[in-house]
Structures are given as structure tokens and as C-alpha cells.
Amino acid sequence: MNMNEEKSKKSIMDYETVELDDENDALVILDQTKLPGSAELISLHTGEEIWEAIYLLKVRGAPAIGVAAAFGIYLLAKKIQTDAYDVFYQEFCRQKEYLNSARPTAVNLSWALNRMERVCTADRELPVARIKEKLKEEAAALKEEDIRVCRAIGEYGLTLVKPGDGILTHCNAGQLATCRYGTATAPIYLGQERGYHFRVFADETRPLLQGARLTAYELHASGVDVTLICDNMSAAVMRNGWVNAVFVGCDRVAANGDTANKIGTSVVAAVAQRYHVPVYICAPTSTIDMNTPTGADIVIEQRPAHEVTDMWYEKPMAPAGVKVYNPAFDVTDHDLIAGIVTEYGIARAPYTESLREIFRNAGRGAEGR
């Protein structure tokens, strides 16, 4: 079988979202801007290439961004040519801050980079060459943890639904947003393995269509009963009684339980409350930021206007010069959320207490980082 034949037989689920090619000094990612038309792996070598891949959503999803950042900062540290710790650490911090500027809302980016920095500071007495080795080990451990965390979220999430239920999801918090299983899709995939026969409704997720291009794509490839709907159809399917629960991912959870997720999530949550459908946020503890008091304190990334006016059209579909407001995320208030599903259990209101209990369960202290 030649390479083209082998590639044609691969499912999208057979690809690694993020991996390290240490021999060639490359971060290898599945370019999500090309899906579902083609599955293309691209190799990133420079800080500029890694920054651009994160900013342009070639790699996306909070957990996947964190893993990409960890491998990326290791590769950049590997290239620092010095045996002097102070010189090495100064350049490491410069590269770290540069990567961290790519996307401000997804807390996993800064979380992963801070975790990698702690390797540098904890082992500052070691030779620089050994510190580089430990950075590689830490990045690999972060990826393996992501897989375990997502599966644990799936197990807890599965306790909230029953066989045959209808589930609605928004954006992509699937395997393509993580290293395996996904967060919001983890209960769906585990249910698929166990014969639960869920019926899933995937919002298309304007303006970047992650639900249409990614979630519907990967669920369909996995044999899940998935139906694609436009964002403004969520009320119709809920009113019809077809949705028993909403599972969505999250880019940042504030200490009071407010959550920032892909734009449109708060609309889904408001509609779900109207139709008495519980909304569950699937969030690894790395996404919970106890240093951010409320959703009002979360910095919301603003995206370019052309994503709304031009991106998916042969010709622009808006009048030239019209003003465009294009926030990448919105905040869902905690009173619209039935539970936050983590790898250590399910937090429920009041979240200021239950989220701290989650971190106590994890044995990591209330701050979680």
C-alpha cells in the first residue's frame, strides 16, 4: 500500500491532533483550518510559526492549545545556544511571553506555559542541557495527562445522561480540540462504546463553523448519530423535546462558575433554561481560573471582521465598510449552568464552594495552579 492509499483509508479519528517530532525539531499539528476538506499535517519549527498556528486556529481547543504550547516552548528552548542558566532563562521567558500573546481567553495556553517555566526554575541548579530534557519530559507528560483527564470527564459526564438521550453541543470540544476523547464529546464517545445510542445535535457555530467542519465531521466519522443544525435552530429542537442535555466545552471558568466559551454558548444556555434542559460545562481543572473572580473579569478575544463578512463566501456577503463586532467568546452566567464536569467530579452551585472542593479532591489546593 502506498502512502496516498494509506492516507485515504485513515479516519480523521486516526490522526494525532498534536505531536512532537523531536528528531526534526518540529511541532506537528493537524491543520484544522483545512478540515473537513483535507486532513493535512503541518510541521512548525519557529516561534512565529507556532504563534501563527495558535492565532489562526490551525490548532485550537483549550487542551490542544496547551499541549501545543508545551511542545512548542520545549522546541524553542532546545534551540537556545548557551550553557549559562541566566541567559537561557531570560530567552526562555521571552519566547514564553511571545507564545502566550497568541490567544488571551483560553487559560490553558498560559497554564501550560507557566507549568513549563516551573520546570526551569525548580531545576535551575542543573546543567542547561538537562533542563531541556526535563522540559521535553514535562511536555510529554502534559499530553498523556490530557488523555486521562478527558476520559475521566467522560465517565463523570456519562452519569448525567441515559441511553437514547438527545444531546446538543456547540463549537468543537471533541477529539480535535484535545489529544483524545475531547471534553464535551467524551461522554458521547464513551456512550458510543457502550451502546448508549445517543442522538447528537451539533450547532454549526458561526462564524468559524467549528461545529459543522469539526464536530459533525468527527462524530459522523465515529458512527455517532449526529445531526447538524444552524445555531438559530437550537430552540426548535429543544421545543420539540429532542434534547435532554447540553454538553459544551470551555476556555476559562471563573471562580464563581461563570464560563467563557465559543460565541453563542450563552444563547444556547438561555434557550435551554427556557425549555428546562440542563447545561453542563465540561472543563478540565486546568481551565478553571480561581484567580478570575467572575466572567466580567475574563478578557474576550476580538477576531478580524473578515471572518464574518468574507471567509466562507465566494464574494463578500456584507456591504463594504460596514462595522463588524466579532468576539470569539461569550460568557455564560453561572446561574444558567447545571454543573461543571471536571476530571475530579461534578461541581454544582454554589460554584465558589464546589470548585474549591474540586481542587481539594485533586489534592492541589484551592488555586489549582
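Reader: What makes up the lining of the largest cavity, in nonpolar, polar and charged residues?

Author: The split is 9 nonpolar, 8 polar and 4 charged residues. The classes are fixed by residue type: Ala, Val, Leu, Ile, Met, Phe, Trp, Tyr, Cys and Pro are nonpolar, Asp, Glu, Lys and Arg are charged, and the others, Gly among them, are polar. One caution before we go on: this is a predicted model, where local features need pLDDT of at least 70 and side-chain atom pairs count only at pLDDT 80 or more, while totals for chains, interfaces and linings use all residues. Residues are numbered from 1 along each chain as its sequence is written, and side-chain values use heavy atoms, with hydrogens and water left out.

Reader: Why is that space called a cavity, and what is a pocket then?

Author: It comes down to whether the probe can escape. On a 1 Å grid over the protein atoms alone, a cavity is a set of points where a 1.4 Å probe fits but cannot get out; a pocket is an open set with protein on both sides within 12 Å along at least five of seven lines. A residue counts as lining if it has an atom within 4 Å of a point. By that rule there are 2 cavities of 30 Å³ or more. The largest has about 190 Å³ of space, where volume means the space filled by probe spheres set on grid points joined across faces, edges and corners.

Reader: Which residues are closest to the centre of the largest cavity?

Author: Of its 21 lining residues, Arg60, Gly61, Ala62, Asn172 and Asp251 are the closest to the centre. Helix 3 (62–78) and strand 9 (259–262) are the elements that give two or more residues to this lining. Helices and strands here are DSSP runs numbered from the N terminus (H or I, at least four residues, for helices; E, at least two, for strands).

Reader: What lines the second largest cavity?

Author: That one holds about 50 Å³. Its lining includes Leu57, Arg103, Pro207, Lys262 and Glu307, and by class the whole lining has 6 nonpolar, 1 polar and 4 charged residues.

Reader: What makes Arg103 and Glu301 a salt bridge?

Author: The rule asks for a side-chain nitrogen of Lys or Arg within 4 Å of a carboxyl oxygen of Asp or Glu. Here the N to O distance is 2.9 Å, so the pair passes. Arg103, which also lines the second largest cavity, sits in the loop between helix 4 and helix 5, and Glu301 lies 198 residues away in the loop between strand 11 (288–289) and helix 11 (306–309).

Reader: How do you know whether Arg103 is buried or exposed?

Author: Buried means under 20% relative accessible area, exposed over 50%, and partly exposed in between (1.4 Å probe, protein chains only). Arg103 comes in at 5%, so it counts as buried. Its partner Glu301 has 4% and is buried too.

Reader: Why does the contact of Lys96 with Glu117 count as a salt bridge?

Author: The closest N and O atoms are 2.5 Å apart, so the cut-off is met. Lys96 is in helix 4 (residues 85–100) and Glu117 in helix 5 (residues 107–122), 21 residues apart. Lys96 is buried because its relative accessibility is 6%, and Glu117, at 17%, is buried as well.

Reader: What about Lys58 and Glu52?

Author: At 3.9 Å, N to O, those side chains still meet in a salt bridge. Glu52 has 38% relative accessibility, so it counts as partly exposed. The rule gives 24 salt bridges in total, and Asp22, Asp25, Lys78 and Lys136 are linked in a network of them.

Reader: How do you know which strands stand at the edges of the sheet?

Author: Two strands pair if DSSP finds at least two bridges between them. The open sheet has 7 strands in the order 6-5-4-7-10-13-14, with mixed pairing. Strand 6 (225–229) and strand 14 (345–347) each have a single partner strand, so they are the edges. Strand 13 (residues 339–342) and strand 14 run antiparallel and share 3 bridges, so they pass the pairing test.

Reader: Which residues lie nearest the centre of the second largest pocket?

Author: Trp111, Glu145, Val149, Ser286 and Glu343, out of 15 lining residues. This pocket has about 190 Å³ of space, and helix 6 gives the most to its lining, with 4 residues. The largest pocket has a volume of about 250 Å³.
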